[in-house]
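Subject: The structure I promised you

Hi,

Here is the structure to look at alongside this email. Open it up, turn it around a bit, and then read on.

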Amino acid sequence: MGASLPDLLRERVVVFDGGMGTELYRRNYFINACFDELCLSAPQVVAEIHRAYADAGAEVLTTNTFGANANKLGKFGLRERVVQINAAAVRLARENGDAATMVAGSVGPVGETAGPDGLSPDWAVACLAEQAAALAAAGADFLIFETLPAVRDAEFAIAAAAQIEDLPYVLSFSVNDEGESATGESLAR
């Protein structure tokens, strides 16, 4: 990799890939499957998607790890494979781009809403930090905390990212037409 994402963004628009989940679904992997685990059981499929995006001009390939945190993987009996899945995902993205292609380590929301009726905030941050550390150790160029549904999820992501030294990160929200989060919060602050 050459320049860093922050450096490139100061100079120009950077072209990212498209949705991994959408492409997996098009290939007959459905929502009852653990898409992240496909980095281990069907790496050729994940590689094919990365290659297609790279061939189309993507400068950033995003890892197939949107749900590869302990909380979400635990629902598939894969809690102990966080590091292995995230490492395989970075390798697949890296191998299917060229020398200038950046790899974004995808981190989705932790899962259930933290709070009185769900996961504790400490557990949420720990899950995200474990995944972020695995992506960083495997060589991701930066992290992208994707499709965050609420401001609290952004706070968890920022706390997790703070535990990884010198690795840039991006936050992306799911918003409605009024610019509100999926939970109805204004993102203007």
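Below is what turned up in it, topic by topic.

One thing to keep in mind from the start: this is a predicted model.

**Two helices and their buried sides**

Let's begin with helix α6, which covers residues 82-95, so you can find it quickly by number. It has 14 residues and reaches 20 Å from its first C-alpha to its last, close to the 20 Å expected at 1.5 Å a residue. Which of its residues are buried? They are V82, I85, N86, A88, A89, V90, L92 and A93. Try colouring those, then see what they touch: the buried residues of α6 pack against the helices α3 (38-41), α4 (43-55), α5 (70-74) and α7 (121-138). They also pack against two strands, β1 (60-62) and β2 (102-107).

Next, have a look at helix α8, residues 151-161. Its buried residues are V151, D153, A154, F156, A157, A160 and A161. Those residues pack against α7, β3 and β4 (169-173). So α7 turns up as a packing partner for the buried residues of α6 and for those of α8.

**The cysteines**

How many disulfides does the structure hold? The count is 0. As a reminder, a disulfide is a covalent bond between the sulfur atoms of two cysteines. Take C34: the closest cysteine sulfur to its own is in C39, but at 9.0 Å that is too far for a bond, because the cut-off for a disulfide is 2.5 Å. C39 is likewise in no disulfide, its nearest cysteine sulfur being that of C34. Are these two buried or exposed? C34 is buried, with a relative accessible area of 9%, and C39 is buried too, at 1%.

**Salt bridges**

There are 8 salt bridges in the structure, and here are a few to click on.

- R10 and D7 form one, with their closest N and O atoms 3.5 Å apart. Both residues sit in helix α1 (residues 5-11), 3 residues apart, which is about one turn of the helix. R10 is exposed, with a relative accessible area of 64%, while D7 is partly exposed at 34%.
- R79 pairs with E130, and here the closest N and O atoms are 3.2 Å apart. R79 is in the loop between α5 and α6 and E130 is in helix α7, so this pair ties together parts that are 51 residues apart in sequence. Both count as partly exposed: R79 has a relative accessible area of 29%, and E130 has 26%.
- R94 pairs with D141, again with closest N and O atoms 3.2 Å apart. R94 belongs to helix α6 and D141 to the loop between α7 and β3 (142-148), so the pair ties together parts that are 47 residues apart in sequence. R94 is partly exposed at 31% relative accessibility, whereas D141 is buried at 18%.

There is also a network: E23, R26, R27 and E48 are joined into one by salt bridges that share partners.

**A nonpolar patch on the surface**

Now switch to a surface view. Y25, F30 and I31 form a nonpolar patch there, and together they have about 360 Å² of accessible area. Where is F30? You'll find F30 in the loop between α2 (20-26) and α3. F30 is partly exposed, with a relative accessible area of 39%.

**Two positive phi angles**

Last topic: backbone angles. Most residues other than glycine have a negative phi. Which residues go the other way here? Two to check are T147 and D166.

T147 is not a glycine, yet its phi is positive, at about 55°. T147 is found in strand β3 and is partly exposed, with a relative accessible area of 38%.

D166 also has a positive phi, near 55°, and is a residue other than glycine. D166 lies in the loop between α8 and β4. At 76% relative accessibility, D166 counts as exposed.

If you'd like a place to start clicking, go for R94 and D141, with one partner in helix α6 and the other in a loop.

Cheers

Key:
Residues numbered from 1 in each chain as written. Predicted model: local features only at pLDDT ≥ 70, side-chain atom pairs only at ≥ 80, totals over all residues. Heavy atoms only, no water. Buried < 20%, exposed > 50% of the residue type's maximum accessible area, 1.4 Å probe, protein only. Helix = DSSP H or I, 4+ residues; strand = E, 2+ residues; numbered from the N terminus. Expected span 1.5 Å × (residues − 1). Contact = heavy atoms within 4.5 Å. Patch = residues over 30% accessible without salt bridge, like charges linked within 9 Å, V, L, I, M, F, W, Y side chains within 5 Å. Areas by Shrake-Rupley, 256 points an atom, 1.4 Å probe, with all protein chains shown as cover. Salt bridge = Lys/Arg side-chain N within 4 Å of Asp/Glu carboxyl O.
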